[in-house]
Amino acid sequence: MIVDLSHVSEQVMVDALETSKAPVIFSHSSVYALRNHRRNVKDHVLLKLKENNGAIMINFYSGFLVNDTSRGTIMDVVSKYANIFWLQKIIEMFKITSTT
């Protein structure tokens, strides 16, 4: 069984990530820092997701990508991935720094 956190509150996300011994997923969410939708995942939760070895699958629905009523574009999707990769690089840098 895989735990999917896409429809839960931020507190449940944190609780599940702190409790689960197995990886969890967000099957259809996006990044909160780039679109403040309640189902998008905040950076501090993404950090816990990385520690958990879980996965986030980016939602391409415009409501999760852009703040206005226009349609999201491929560049909106690319920016979601860029934010996740940037955050991962920062995490890796801190891990390297903390061990030297």
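**Notes on the predicted model**

1. Let's start with R39, which sits in the loop between β1 (25-29) and α2 (43-52); helices (H or I, at least four residues) and strands (E, at least two) are DSSP runs, numbered from the N terminus. This is a predicted model, in which local features need pLDDT of at least 70, side-chain atom pairs count only at pLDDT 80 or more, and totals for chains, interfaces and linings use all residues. Residues are numbered from 1 along each chain as its sequence is written, and side-chain values use heavy atoms, with hydrogens and water left out.

2. R39 is buried (under 20% relative accessible area, 1.4 Å probe, protein chains only), yet R39 has no salt bridge (a side-chain nitrogen of Lys or Arg within 4 Å of a carboxyl oxygen of Asp or Glu). The nearest side chain of opposite charge, D4, is 8.2 Å away; Lys and Arg count as positive, Asp and Glu as negative, while His and the chain ends are not counted. Leaving aside neighbours within four places in sequence, R39 is in contact (heavy atoms within 4.5 Å) with residues including H7, H28 and F64.

3. G63, in helix α3 (residues 62-65), is buried too, with a relative accessible area of 18%. Beyond neighbours within four places in sequence, G63 contacts R35 and H37.

4. A word on confidence: pLDDT is the predictor's confidence in each residue, from 0 to 100. The chain averages 79, and 76% of the residues score at least 70. Over residues 94-100 the pLDDT is below 50, and this stretch has 0 contacts in the model beyond near neighbours in sequence.

Note on methods: Buried < 20%, exposed > 50% of the residue type's maximum accessible area, 1.4 Å probe, protein only.
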